[in-house]
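Hello,

Here is the structure I promised to pass on to you. Please have it open while you read, as my notes follow below.

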Amino acid sequence: MTTLHEPVATATPAELSVWPASTTEPRPGALTVGGVPLAEVADRFGTPVYVLDENEVRERCRTYRHAFPDAEVLYAAKAFLCRAMVHWTGEEGLGLDVCSAGELELAVTTGFPPERIVLHGNAKSPHDLETALRLGVGRIVIDSPSEIARLAAAVGPGGHQKVMVRVVPGISAGGHEKIRTGTDDQKFGLSIADGYAQHAIARILDQPQLELTGLHCHLGSQITSVKPYLAAVRRLVGLMARLHEQHGLILPELDLGGGHGIAYRPGEQALDLTALARRVRTELSDACAAAGLPVPRLVIEPGRAIVGPAGIAVYRVLAVKRTGEHTFVAVDGGMSDNPRPALYGVRYAPRLIGRASAAPTAPVTVVGRHCEAGDVLAADVELPSDLRPGDLLAVPVAGAYHLSMASGYNLVGRPPVTAVRDGHARLLVRRESLEDIRRRDVGL
């Protein structure tokens, strides 16, 4: 029992800085998001469970529209996609950036206008291209020379398709080497330095059914500095100037991709969106003026920065094990619903919810239930020392690259996705059941 001599910890504003803006703690341990207690969501939908704050998603869409009023903002669907997410981003005036026929079909069958969709991919399948042309996708980003002939043939001599070219500006940026995509030593795009980009553009111009609307680049993910984007603007405008000299070409669009960094733990740095918008706009205007070119329309593709901070993952503790100097807290999810710590060494700040604790904190490692030593969700984090089986842990900033990268490891099934808003919770994506898994297994 808690007494006057046992102070109960409550979340400070700093600790809640990475949680959705609607997060409150009306009493110790009773964390509420969107007016709904997270413990109530766990009891109603089971654990693990993802919780999305709809208003947080919408507000982040509006923040981008306000910061970039003259730009086209495309939500990067690879971060997380479901029908509700398609609906929210569309209502808030964003377009979509998709990477497969699956993402494209889900968006269009939800009612999203295909002309506001851009298809990406370093290795688009014939099915991807056929689906894009059948549904009337707005633009296709060409990523390799072989795509040019294949796409032109698929479009046909009487057809028409808008395209962009993904170029590699030779800029290293991003939070981990596995998510840096602006350099010449990775699989995406066509290099400016070795002339492959210029050669591909010349080939596109020889295909009358393909309309080149602009250049595209993507520098990486989790970028927290404005400087790489400014360098990219200068290099891409430089290429645009050379294309104008060689072909008389004036391109109306310039896509800087996304990769905008967010904070996963209190105190971490995030990209300053206001500074990014202001400085990119100035850099683009100055570079085009120096080159004697009209200023193209800017396109940006945020994904993580829109949905990441709007999501929370809730787990139930299954076991607490002390081994030597280490304490392991095992939960009912893990690397099958969040592979990012194993892939990139990402660090999170989980929090006990559902009950108050007056116990002092102690360093623990939160691990998953899977048969893998690398199944670690949060290493060496401070949590109450009285953690026990049945407790609930909530992990903030869990909206991006969790469910979208989830796997079928150990056949535990992927968690459901719920949405909270104005005191109500509803199911968006149901839990993957054993029956779902059995139905896919058709042989014996």
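Arg 58 and Glu 92 are both buried, and this is a predicted model, so please read everything below in that light. These two side chains form a salt bridge, with 2.8 Å between the closest N and O atoms. Arg 58 sits in helix α2 (residues 54-67), while Glu 92 belongs to the loop between α3 (83-91) and β5 (95-98), so the bridge ties together parts that are 34 residues apart in sequence.In general, side chains of opposite charge can pair when their charged atoms come close. The model has 24 salt bridges, and two others are worth showing you here.

Asp 391 and Arg 355 are another buried pair. Their closest N and O atoms are 2.8 Å apart, and they form a salt bridge. Asp 391 is found in the loop between β17 (376-384) and β18 (392-396), and Arg 355 in the loop between β15 and β16 (361-367), so this pair connects parts 36 residues apart in sequence. Salt bridges that share partners also build one network, made up of Glu 54, Arg 58, Glu 59, Arg 62, Glu 91, Glu 92, Arg 421, Asp 422 and Arg 426. You will recognise Arg 58 and Glu 92 in that list.

What about Glu 105 and Arg 134? They form a salt bridge as well, with the closest N and O atoms 2.6 Å apart. The pair links distant parts of the chain, since Glu 105 is in helix α4 (residues 101-109) and Arg 134 is in helix α5 (residues 126-135), 29 residues apart. Glu 105 has 26% relative accessibility and counts as partly exposed. Arg 134, at 46%, also counts as partly exposed.

Now to the aromatic rings. How many aromatic pairs does the structure hold? There are two. In one of them, the ring centres of Tyr 64 and Phe 68 are 6.3 Å apart and the planes meet at 15°, so the pair is stacked. Tyr 64 is buried, with a relative accessible area of 4%, and Phe 68 is buried too, at 3% relative accessibility.

The other pair is Tyr 264 with Tyr 348: the ring centres are 5.5 Å apart and the planes stand at 85°, so this pair is edge-to-face. It links distant parts of the chain, with Tyr 264 in the loop between β11 (253-255) and α9 (273-291) and Tyr 348 in the loop between α11 (340-344) and β15 (351-353), 84 residues apart. Tyr 264 is buried at a relative accessible area of 3%, and Tyr 348 counts as buried at 2%.

Phe 68 comes up again in the nonpolar interior. The largest nonpolar core has 134 residues, and Phe 68 and Leu 215 have the most contacts inside it. Helix α8 (residues 227-247) gives the largest share of this core, 11 residues. Setting aside neighbours within four places in sequence, Phe 68 is in contact with Val 73, Leu 273, Leu 276, Ala 277, Arg 281, Leu 298 and Ile 300. Apart from the largest core there is another, of five residues, including Leu 74, Val 118, Val 141 and Met 164.

Leu 215 leads us to the strands. Strand β10 (residues 210-216) has six of its seven residues buried, so it is largely enclosed by the rest of the structure. Which strands pair with β10? Strand β8 (residues 161-168) pairs with β10 in the parallel sense over six bridges, and Val 165 stands opposite Leu 215 there. β11 and β10 are also parallel partners, over three bridges, and here Leu 215 stands opposite Leu 254.

Last, a look at His 120. This residue is placed in the loop between β6 (117-119) and α5. Is His 120 buried or exposed? At 6% relative accessibility, His 120 counts as buried. Its side chain makes a polar contact of 3.4 Å with the side chain of Asp 97, and another of 3.4 Å with that of His 216. Not counting residues up to four places away in sequence, His 120 touches Asp 97, Val 98, Cys 99, Val 141, His 216 and Glu 301.

Happy browsing, and do write back with any questions.

Best wishes

Terms used: Residues are numbered from 1 along each chain as its sequence is written. This is a predicted model: local features need pLDDT of at least 70, side-chain atom pairs count only at pLDDT 80 or more; totals for chains, interfaces and linings use all residues. Side-chain values use heavy atoms; hydrogens and water are left out. Rings of Phe, Tyr and Trp (its six-membered ring) pair if their centres lie within 6.5 Å; planes under 30 degrees apart count as stacked, over 60 as edge-to-face and the rest as tilted. Buried means under 20% relative accessible area, exposed over 50%, partly exposed in between (1.4 Å probe, protein chains only). Helices (H or I, at least four residues) and strands (E, at least two) are DSSP runs, numbered from the N terminus. A salt bridge is a side-chain nitrogen of Lys or Arg within 4 Å of a carboxyl oxygen of Asp or Glu. A nonpolar core is a set of buried Ala, Val, Leu, Ile, Met, Phe, Trp, Tyr and Cys residues joined through side-chain atoms within 4.5 Å. Contact means heavy atoms within 4.5 Å. A polar contact is a pair of N or O atoms within 3.5 Å; within protein, one must be able to donate a hydrogen and the other to accept it, and residues adjacent in sequence count only if both atoms are side-chain atoms. Two strands pair if DSSP finds at least two bridges between them.
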